[in-house]
Amino acid sequence: MKKLIFRKFTKDTLVFFLILSFTIGLIVWTMQAVNYFDFVTQDGHGLKTYFSYILLNFPKILHRITPFIFFISLFFIINDYEAKNELLIFWTNGISKISFTNKVIILSFFLMVFQILMGSFVSPFSQLKARDFLKKSNVDFFTSLIKEGKFINVVDGLTIFINQKNKGNNFSEIYLDDSSRSNKRVIYAKNGTVMDDGNKKVFKLFEGKIINIDKNKLNTFEFDQIDFNLADYSTTSILHPKIQEMPSKSLIECSYKIFKNKKIDNSNKFKCTKSSHNEINQELFKRFYKPLYIPIIALLTCFLIVFPKNSSSYKKNRRIIFLITFFILILSEASLRYATSSYLASTIYMMVPWIIFLSIYLFFFNRIKNV
């Protein structure tokens, strides 16, 4: 009977948690998707790249909102059980309040493990995949971004000015300023058209002139037709992976080598530098250590069962519990910023969750041991 009661409570909590996670996750994801539309309107990426990128960012959103959603879910379910007198079923079947709390803490430990897996493996992997989509994509909407009489720099190191845009992908009076190489060059063409050559965008230029600028020397020659390959230029979107997108293994190896003053190999796409050591350690704390606050959230929420609903101070105590738990959530986020500022700060950051949990648990146990 006891197992069935706990199974129903766990099921209700998890179902509400999943529904709320995907609902709020979709709201946040939609807001971010609107912001990321700059990849199309300003950077010239195609819709396939855009949708692939935003879909792969969804695990990151779920990872960020999980502690808050778990708090809201648990707070709501316990309140709902109390309002419907369903908590009395636990007490009348010989389940003590400390036993109930221990079961909730065990549930929070499972969620903590899930949060660590999401933060250390799933989320970085999906974000790195999303960055690879940007890196490998063509500027598919290049022609739609070109405006008459305006300078555009959709791709890095290249500025384009079009005096007149004709029907199709044809243009007149074209100026290109190519500063992607050590020797700068300026290209003028009377006419031009953008064409697809396989998977590459090619700017065919007709009747023009190229000016090569090498320090103080100018070399000029005219042409009847040249093919200007836009695939040689990278998009202005950030293509190098950020620290939060790197695999946990790479971050751990980098942090260890810096700590031990070992030789750092930067042959891969991740640049391991001493200047980024604090940021790397902060990211590792976020992935592997910050989830320790989830059991603390569960324990604080269980204080709801201490105060009966017919008590005159029940609503007041419920608000206090909500505010204290919400403060702990903020503390877990804010303290992370200073966790790697010094060795002492890191030590304090690692000790605080254990001290908070043990202190609250002892206080809770003394409060209800005779209940």
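Strands are taken here as DSSP runs of E of at least two residues and helices as runs of H or I of at least four, both numbered from the N terminus. Under this assignment, E173 lies in strand β3, which covers residues 170-178. The model described is a predicted one, and the protein in it has twelve helices and six strands. Of its 371 residues, 44% count as buried, and among contacts with a separation of 6 or more, 64% are accounted for by residues 24 or more positions apart.

Two strand residues have backbone angles that deserve a note. E173, although not a glycine, has a positive phi of about 55 degrees, and with a relative accessible area of 26% this residue of β3 is partly exposed, since that class lies between the 20% limit for buried and the 50% limit for exposed residues. A comparable entry is found in strand β5 (residues 200-214), where E207 is placed. The phi of E207 is near 50 degrees, again a positive value in a residue other than glycine, and at 46% relative accessibility E207 also counts as partly exposed.

The buried nonpolar residues were examined next. In soluble globular proteins, nonpolar side chains tend to be buried together. In this model the largest nonpolar core has 53 residues, and those with the most contacts inside it are F9, I78, F90, F100, I296 and F364. At least two residues of this core are supplied by each of α1 (2-35), α3 (47-56), α4 (58-83), α5 (87-92), α6 (97-136), α10, α11 and α12. The greatest contribution comes from α4, which gives twelve residues. F9 illustrates the connections that are made: leaving aside its neighbours within four places in sequence, F9 is in contact with L74, I77, I78, Y81, F90, F100 and V104. A second core, separate from the one just described, consists of 14 residues and includes I174, A189, L205 and I210.

Helix α10 was then considered with respect to its surroundings. Nine of the nine residues of α10 are buried, so this helix is largely enclosed by the rest of the structure. The buried residues are Y293, I294, P295, I296, I297, A298, L299, L300 and T301. The axis of α10 (residues 293-301) comes within 10 Å of that of helix α12 (residues 343-368), and the two axes cross at roughly 20 degrees. Because this angle falls under the 35 degrees used as the limit for that class, α10 is roughly parallel to α12. The crossing in which α10 passes α12 is left-handed. On the side of α10 the contact involves Y293, P295, I296, L299 and L300, and these meet V352, P353, I356, F357, I360, Y361 and F364 of α12. The residues of this contact comprise twelve nonpolar, no polar and no charged ones.

Helix α12 also packs against α11 (residues 314-338), with axes that come within 9 Å and cross at roughly 165 degrees. As angles over 145 degrees are classed in this way, α11 and α12 are therefore roughly antiparallel to each other. The crossing of α11 and α12 is left-handed. Contact is made by I328, L331, S332, S335, L336 and Y338 of α11 with A345, Y349 and I356 of α12. The composition of the contact between α11 and α12 is seven nonpolar, two polar and no charged residues.

I328 of helix α11 provides a residue-level view of this region. At 7% relative accessibility I328 counts as buried, and, neighbours within four places in sequence being left aside, I328 is in contact with Y293, I296, L300 and I356. The C-alpha atoms of I328 and I297 are 7.5 Å apart in space, although the two residues are 31 residues apart in sequence.

A buried residue is also found in helix α9 (residues 277-288), in which N281 is located. At 18% relative accessibility N281 counts as buried, because the limit is set at under 20%. When residues up to four places away in sequence are not counted, N281 touches S255 and T340.

Note on methods
Residues are numbered from 1 along each chain as its sequence is written. This is a predicted model: local features need pLDDT of at least 70, side-chain atom pairs count only at pLDDT 80 or more; totals for chains, interfaces and linings use all residues. Side-chain values use heavy atoms; hydrogens and water are left out. Axes are lines fitted to C-alpha atoms, for helices over the stretch in contact, and angles run from 0 to 180 degrees between N-to-C directions. Angles under 35 degrees count as roughly parallel, over 145 as roughly antiparallel, 65 to 115 as roughly perpendicular and the rest as oblique. A crossing is left-handed if the near helix is turned anticlockwise from the far one by less than a right angle, and right-handed if clockwise. Contact means heavy atoms within 4.5 Å. Ala, Val, Leu, Ile, Met, Phe, Trp, Tyr, Cys and Pro count as nonpolar, Asp, Glu, Lys and Arg as charged, and the others, Gly among them, as polar. Buried means under 20% relative accessible area, exposed over 50%, partly exposed in between (1.4 Å probe, protein chains only). A nonpolar core is a set of buried Ala, Val, Leu, Ile, Met, Phe, Trp, Tyr and Cys residues joined through side-chain atoms within 4.5 Å.
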